[in-house]
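Q: Please take a close look at one helix of this chain and set it in the context of the whole model. A formal, connected account would be welcome.

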Amino acid sequence: MAGPNAEKLAEVKERLLERKRRLWQEVKDQLRSNIGDGYQEMLSTARDEEDQATVSLLAETQLTLLGPKRQELEAIEEALQRLENGTYGLCESCGQPIEPRRLEVMPETPFCRACMSLKEKLAKAAAVR
Ligand SMILES: [Zn+2]
């Protein structure tokens with residue numbers, strides 16, 4: 001079974017980039033409402049490199065609070081990486097092509113359906129323990 005063709009890959013890349021842009025916008029909005037004026041003030045008064053580091057540390061801390069959005073951003077980032085090195089559409093776990101319909105719904109997924117449900121089962125089993 002052949003993987004997605006070049007045209008399809010370009011379309012996927014566009015979708016991923018668009019999703020990434022939107023997520024970053026949501027993240028920024030959330031950051032702004034979470035820390036509000038204090039952050040704005042820090043941004044505008046950060047002059048030297050040490051201040052900059054504090055600002056990015058603060059942003060980093062806030063990012064960890066963003067949980068699911070951050071995970072999705074990372075998944076998108078990895079999918080874009082796979083597009084670059086030509087392994088997009090192949091399951092990271094078993095190496096088989098991921099079902100096209102699955103990629104259609106979740107273009108950033110790194111696993112085929114079988115591996116994903118196996119992982120979910122394992123995660124559930126681990127959670128019960
Ligand atoms: Zn697989």
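A: The part examined here is helix α3 of a predicted model. Helix α3 has 17 residues, and from its first C-alpha to its last it reaches 24 Å, close to the 24 Å expected at 1.5 Å a residue. The buried residues of α3 are Leu73, Ile76, Ala79, Leu80, Arg82 and Leu83. Arginine 82 is thus listed as buried together with leucine, isoleucine and alanine residues of this helix.

Glutamate 84 also belongs to α3. With a relative accessibility of 55%, glutamate 84 counts as exposed, because the cut-off for that class is over 50%. Its C-alpha lies 9.6 Å from that of lysine 13, although glutamate 84 and lysine 13 are 71 residues apart in sequence. Beyond the helix comes glycine 86, which follows α3 and has a positive phi, near 80°.

A second pairing across the sequence involves lysine 20, a residue of helix α1, which spans residues 6–45. Between lysine 20 and glutamate 72 there are 8.6 Å in space, C-alpha to C-alpha, and 52 residues in sequence. When neighbours within four places in sequence are set aside, lysine 20 is in contact with Leu73, Ile76, Glu77 and Leu80. Of these partners, Leu73, Ile76 and Leu80 are among the buried residues of α3.

The nonpolar core gives a further view of the two helices. The largest nonpolar core has 18 residues, and those touching the most other members are Leu16, Leu83, Tyr88 and Cys91. Helices α1 and α3, the latter covering residues 68–84, are the elements that give two or more residues to this core. Leu83 is both a buried residue of α3 and one of the core members with the most such partners.

Cysteine 91 leads from the core to the metal site. This cysteine has a relative accessible area of 4%, so it is buried, the limit being under 20%. Through SG atoms, Cys91, Cys94, Cys112 and Cys115 are the protein donors of the zinc ion, at 2.3 to 2.4 Å from it. The spacing of these donor residues in sequence is C-x2-C-x17-C-x2-C. The four donor atoms form angles of 105 to 115°, and the site is tetrahedral. For comparison, the ideal angle for four tetrahedral donors is 109.5 degrees. Cysteine 94, at 38% relative accessibility, counts as partly exposed, whereas cysteine 91 is buried.

Cys115, another zinc donor, falls within helix α5, which covers residues 113–128. Helix α5 has 16 residues and reaches 23 Å from its first C-alpha to its last, close to the 22 Å expected at 1.5 Å a residue. Of those 16 residues the number buried is one, so α5 lies largely in the open.

For the chain as a whole, there are five helices and zero strands, and the elements run α-α-α-α-α from the N terminus on. Buried residues account for 26% of the 129 residues. Of the contacts between residues at least 6 apart in sequence, 51% join residues at least 24 apart. The accessible surface of the chain is about 9000 Å², and 54% of it belongs to carbon and sulfur atoms.

How values were computed
Residues numbered from 1 in each chain as written. Predicted model: local features only at pLDDT ≥ 70, side-chain atom pairs only at ≥ 80, totals over all residues. Heavy atoms only, no water. Helix = DSSP H or I, 4+ residues; strand = E, 2+ residues; numbered from the N terminus. Expected span 1.5 Å × (residues − 1). Buried < 20%, exposed > 50% of the residue type's maximum accessible area, 1.4 Å probe, protein only. Contact = heavy atoms within 4.5 Å. Donors = N, O, S within 2.8 Å, 3.2 Å for Na, K, Ca; no water. Tetrahedral: all angles 85-135°; square planar, octahedral: opposite > 155°, others 65-115°. Core = buried A, V, L, I, M, F, W, Y, C linked by side-chain atoms within 4.5 Å. Areas by Shrake-Rupley, 256 points an atom, 1.4 Å probe, with all protein chains shown as cover.
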